[in-house]
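Q: Hi! Could you walk me through this structure? I have a few quick questions.

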There are 4 protein chains.
Amino acid sequence: MAPDATDEDIARVVERVESVGGEAFVSKGLVRTIIGLVGDIDSFHHLNLRTLKGVADVHRISDPYKLVSRQHHPERSTVWVGPEGMRVPIGPETFTLMAGPCAVESPEQTLEAAQMAKSAGATILRGGAFKPRTSPYAFQGLGVRGLEILADAREATGLPVVTEVVDARDVAVVAEHADMLQIGTRNMANFGLLQAVGEAGKPVLLKRGMTATVEEWLMAAEYIAQRGHLDVVLCERGIRTFEPSTRNTLDISAVPVVQATSHLPVIIDPSHASGRKDLIVPLARAGIAAGADGVIVDVHPAPETALCDGPQALEGSDLRELASVVRRFPELLGRTPAGDLAR
Amino acid sequence: MAPDATDEDIARVVERVESVGGEAFVSKGLVRTIIGLVGDIDSFHHLNLRTLKGVADVHRISDPYKLVSRQHHPERSTVWVGPEGMRVPIGPETFTLMAGPCAVESPEQTLEAAQMAKSAGATILRGGAFKPRTSPYAFQGLGVRGLEILADAREATGLPVVTEVVDARDVAVVAEHADMLQIGTRNMANFGLLQAVGEAGKPVLLKRGMTATVEEWLMAAEYIAQRGHLDVVLCERGIRTFEPSTRNTLDISAVPVVQATSHLPVIIDPSHASGRKDLIVPLARAGIAAGADGVIVDVHPAPETALCDGPQALEGSDLRELASVVRRFPELLGRTPAGDLAR
Amino acid sequence: MAPDATDEDIARVVERVESVGGEAFVSKGLVRTIIGLVGDIDSFHHLNLRTLKGVADVHRISDPYKLVSRQHHPERSTVWVGPEGMRVPIGPETFTLMAGPCAVESPEQTLEAAQMAKSAGATILRGGAFKPRTSPYAFQGLGVRGLEILADAREATGLPVVTEVVDARDVAVVAEHADMLQIGTRNMANFGLLQAVGEAGKPVLLKRGMTATVEEWLMAAEYIAQRGHLDVVLCERGIRTFEPSTRNTLDISAVPVVQATSHLPVIIDPSHASGRKDLIVPLARAGIAAGADGVIVDVHPAPETALCDGPQALEGSDLRELASVVRRFPELLGRTPAGDLAR
Amino acid sequence: MAPDATDEDIARVVERVESVGGEAFVSKGLVRTIIGLVGDIDSFHHLNLRTLKGVADVHRISDPYKLVSRQHHPERSTVWVGPEGMRVPIGPETFTLMAGPCAVESPEQTLEAAQMAKSAGATILRGGAFKPRTSPYAFQGLGVRGLEILADAREATGLPVVTEVVDARDVAVVAEHADMLQIGTRNMANFGLLQAVGEAGKPVLLKRGMTATVEEWLMAAEYIAQRGHLDVVLCERGIRTFEPSTRNTLDISAVPVVQATSHLPVIIDPSHASGRKDLIVPLARAGIAAGADGVIVDVHPAPETALCDGPQALEGSDLRELASVVRRFPELLGRTPAGDLAR
């Protein structure tokens, strides 16, 4: 309460809280009075306590998310991706590399990228068929044709496929072809889309909004979980800051922060975070060392002709270096390569 | 080019640029060579010059947007909102106040808020029927029923209605009831939704993404404009920074920055920017003084019972003060109240 | 307390708080226990409650600053600047324009800029003799010679002088020549310098750190105030964000936010905030309208030859427009031009 | 140049550039003309090209720093710290752990912390005698007495000492007692202090300003280097972002970014970046994996009674885990423990 709050102001707050079944504990001090609220936090949402006379500020103490919280589900979860026979885990015991082209451009380019991915140790193939682009004049993806190309690459390589869905109207067709649905950074707060993928019955890869707090990201996961399934993998992909030397700033701390508060797996995307090929291997190493359950990277057989994000796609010696990192580092942290457990 | 770029590296860049019909001007210095590119910038997108050997960095000099740019349309535009007889302008000659409840809760609350808005000088009624909420446990709006309530309030007060649309699947029904479609801050980069509203034939109020640059915001407007109509009004509503004393930081400079580069009208939203009722009147004054073409605010007959954003809704003496500001300030900048020109 | 805190954990916190003379009020809920602390907040600083077992988080409710707070000094203050006979106020009743060259380059340039400033309505002359520059290869100012030039310009124009001090070792010599000592944005957290100016007996213009919160800014003012005088004027000069179209983002909300919580006067600096000459007049208007007690701008007789920040210095028609704004806008908010009250 | 720039405007820019001995290469396009400048970039600083008619924007292409750049010094540097006999390296071949108490409180606490540091594998002792504190009411350090305590701990443990200097007037006394001078985050742009430590003849640990870009940080190092010595070690300690779950956001990418552009060693400070004890070990692992040349952490024998930053000080099992990380991870990246090379 504000320093000049009256007893009447205090009584009004208490009454309001009790009116929705909550309890209010009043602590009177020399200068200020603090009121602790206990009860169903959702019912407090509509009380608008901040509008009451004499109220100086309101702090929430509990977590606003439930289904994705470790509070009621202390064990960290493992999410399985892919059809039977090529199903791979993402979780606390394993390490999963996802790789593939930023955008699906042709069957040849996709297959070649998929084979590069596999040879580097990837167990899930990523690739974009529907691309959200800042400019309406940029390449928007091949759409359904791209999904078919990805499905063919899965048959050829045995790698399950993750691909982005950008519109609730496309969820059904994407879910038909892909093994995991990706929500991109620009759609993290597209709540209609979150609910639609939540009902699609496939695991979800939820990228962090480039300016979302960890709490908002977990609330977005809660939207998906609320629709009935909890097979959500979180992906840290850089946040927007004032630093111009990288496209975004990889928030490496988000990995242990999420793991402390949510049971969901969390991976990192060094390609989109940095936008710089020379940083991908060091950042992938850092992500593994911070405890990430996986890493997702762009690979492309000919980055200089890529229709999307060529400057950050790995190939050649960089890719071999990543493969070496993926072989050596996860076991230092007691993790098994996800591919070893495929079933 | 990097300091160690070879003549061959330079030749490769020139050849690449010329291969898509561009021109490349080479400026050789003691330490570095700079290559200036001239031609169709869209064709340069796919060149991936950053991936070429010897290239140190690539800077774009021209604006990436076209239809919304002042470069080809130097006169600032006026957007008209509402059905014939109650049509009001938003543009460089006038000043427009939009006001109404954050969320439509009931016919009585909406009508009362609309009358408050009108008495304060508002000429457009705002109100949310579909609400994008960070928490799935928060009130999500009345949906179509809310649209009907808004339409009724329009009949009763003569104020055209602006309301948010959050899902491409809802565009048709919202366009049927409302006079202006609002894209909220969380959906500024929901490109499918931008295209859908671009085709709906109603003027659009495009809020800035809370972490979007001015350029990205104008690119979002370009998405709408590309679908064939240019009746887009931009709304600055605060950006995310490290400062905790306000919900977001109102980027007041965005008003003259946008006006220098785009012909579209631009208004400000001090309610959502600050989240604090005590700041709304000073920020509204600042917005008018900075040259905004309008202001949008939350009003509510009983903020303490509001289902959404009660702490920032105006009423009583605050609202009367806002009304006084709206009467006195715009004419200092040579603007006419929008209501005087309704037709 | 964390959900799994034990009674023992709670008892330990209570005991710790009481050990320094504080009171601890325990509110037990279904899931969590909240403990409200009351007492001398400084004594709580060293308790390290966050390190205690079972403690989930600690929120401070009271303001950490005292001398500059409105809590114990509800009336807003007026600071007087200048020697007797040319003393001018900065405060809630008046409006003060400060203007002058970013850097003092020569007697002629400084005098000419001072006369431009005066003709535009300025009542305080600004000018830099000691310049903090990001690059050691940039012009660093004329030093003591610059101070003398400023003092001469004061004699010639009757305008008191504000100038920056960048090193505690220079405070004495700057205080000897200038009427007001400026702490620049890069030195806002240079606590030794704050204490030195706090002892110099001259009013202080304290710029906000470009990445400081309002609370940290007020704590910096508290450092000065602690040394015995309260003649501190705060200056909002833009904060660092992700938006590249302006050098920094003018946090216009900081004006009413500061005024709600501190009794000190607050002004804005649109020149350094934006770095763009075309934005200075609109931002100055916005600042006045938001309630600022003054505005500080760069003027230069020949911006294209300026040794510092030429692109943002006003001259000619822009300066005449600013003069017109300064004549017309403040009275709308009930303010008197500071020059009318000089004594 | 702006689209409407005239031939005369272009000629004026060329003339201006040539007047200071530079070359200007004009590239004329359909819509725009681009002018590439070549020559001494420092001489271009004062041209104020942005103020010239027809100039739309100015981009710098070359690095603004020289002495600390890899451009003229491609080999990465090693900095040696400590008196003969206990001198340890920080550089590309080794890994260095620095540890100690945030603040020196007493001889006993400091010695105990130094022994904890040594047993965890640290080869340099950190400890604060002069503390820059946001609040004037917080503990400010023991000053010269603290320096003496640190020097005693060095004798007892054989660990060279790094300690912060916050005021140019204290440089001499700090340099007399300590082996390495630390510039804290709040003083990164305190140019007088940078120059003073640059002349003191001891190696410098330069923390990144919490809101400084990598380029500004390197410019600060350039200030030190300009005074004649290059024994500067950079320390990434977190930047200010909108994310509240950590005190600052550790910019892990800064490690490879700095190493790509400067020859100076770079270490990370996970304690101050996160402010959370539970994140220090994962972030230390991430820093090593990203290629950092060292890590600096807070340790304290009794964090719950620490006078400064207790919540982030390591002890007990956390410290043992850090020790294990420091033993196992650096060699994976081909690094030798710094202690093995002491001389």
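Q: To start, what do the buried residues of α3(A) pack against?

A: Happy to help, and keep in mind that this is a predicted model. The buried residues of α3(A) pack against β5 (94–100), β6 (124–126), α4 (144–157) and α11 (316–332), which belong to chain A.

Q: Which residues of α3(A) are buried?

A: In α3(A) the buried ones are A:Gln109, A:Thr110, A:Ala113, A:Ala114, A:Met116 and A:Ala117. Around the axis they cover an arc of only 160°, so they lie on the same side of α3(A).

Q: And which residues are exposed on the other side of α3(A)?

A: There, A:Glu108 and A:Ser119 are exposed.

Q: How does the span of helix α3 of chain A agree with 1.5 Å a residue?

A: The helix runs over residues 107–119, and its 13 residues should span 18 Å; the end C-alpha atoms are 18 Å apart, so the two values agree.

Q: Nice. What phi does A:Gly121 take just after α3(A)?

A: A:Gly121 takes a positive phi, at about 105°.

Q: Zooming out, how many helices and strands does chain A have?

A: Chain A has 11 helices and 13 strands. Its C-alpha atoms fill a box of roughly 75 × 40 × 40 Å along the principal axes. Of the 343 residues in chain A, 64% are buried. As for contacts between residues at least 6 apart in sequence, 69% join residues at least 24 apart.

Q: Switching chains: at what angle do the axes of α11 of chain B and α11 of chain C cross?

A: They cross at roughly 175° and come within 12 Å; each helix covers residues 316–332. With that angle over the 145° cut-off, α11(B) is therefore roughly antiparallel to α11(C).

Q: Which residues meet there, α11(B) to α11(C)?

A: B:Arg328, B:Phe329 and B:Leu332 meet C:Arg328, C:Phe329 and C:Leu332. By class, that contact has four nonpolar residues, two charged ones and no polar ones.

Q: Last topic, C:Arg133. Where is C:Arg133 found?

A: C:Arg133 sits in the loop between β6 (124–126) and α4 (144–157) of chain C.

Q: Does C:Arg133 count as buried or exposed?

A: Buried, because its relative accessibility is 19% and the cut-off is under 20%.

Q: What does C:Arg133 touch?

A: Leaving out residues up to four places away in sequence, C:Arg133 touches C:Ala138, C:Phe139, C:Gln140, C:Leu307 and C:Cys308, along with D:Phe191 and D:Tyr223 from chain D.

Q: How far apart are C:Arg133 and C:Arg70 in space?

A: From C-alpha to C-alpha they are 35 Å apart, with their positions 63 residues apart in sequence numbering.

Note on methods:
Residues numbered from 1 in each chain as written. Chains lettered and ligands numbered in written order. Predicted model: local features only at pLDDT ≥ 70, side-chain atom pairs only at ≥ 80, totals over all residues. Heavy atoms only, no water. Axes fitted to C-alpha atoms, helices over the stretch in contact; angles between N-to-C directions. Helix = DSSP H or I, 4+ residues; strand = E, 2+ residues; numbered from the N terminus. Parallel < 35°, antiparallel > 145°, perpendicular 65-115°, else oblique. Contact = heavy atoms within 4.5 Å. Nonpolar A, V, L, I, M, F, W, Y, C, P; charged D, E, K, R; others polar. Expected span 1.5 Å × (residues − 1). Buried < 20%, exposed > 50% of the residue type's maximum accessible area, 1.4 Å probe, protein only. Arc of directions from axis to C-beta.
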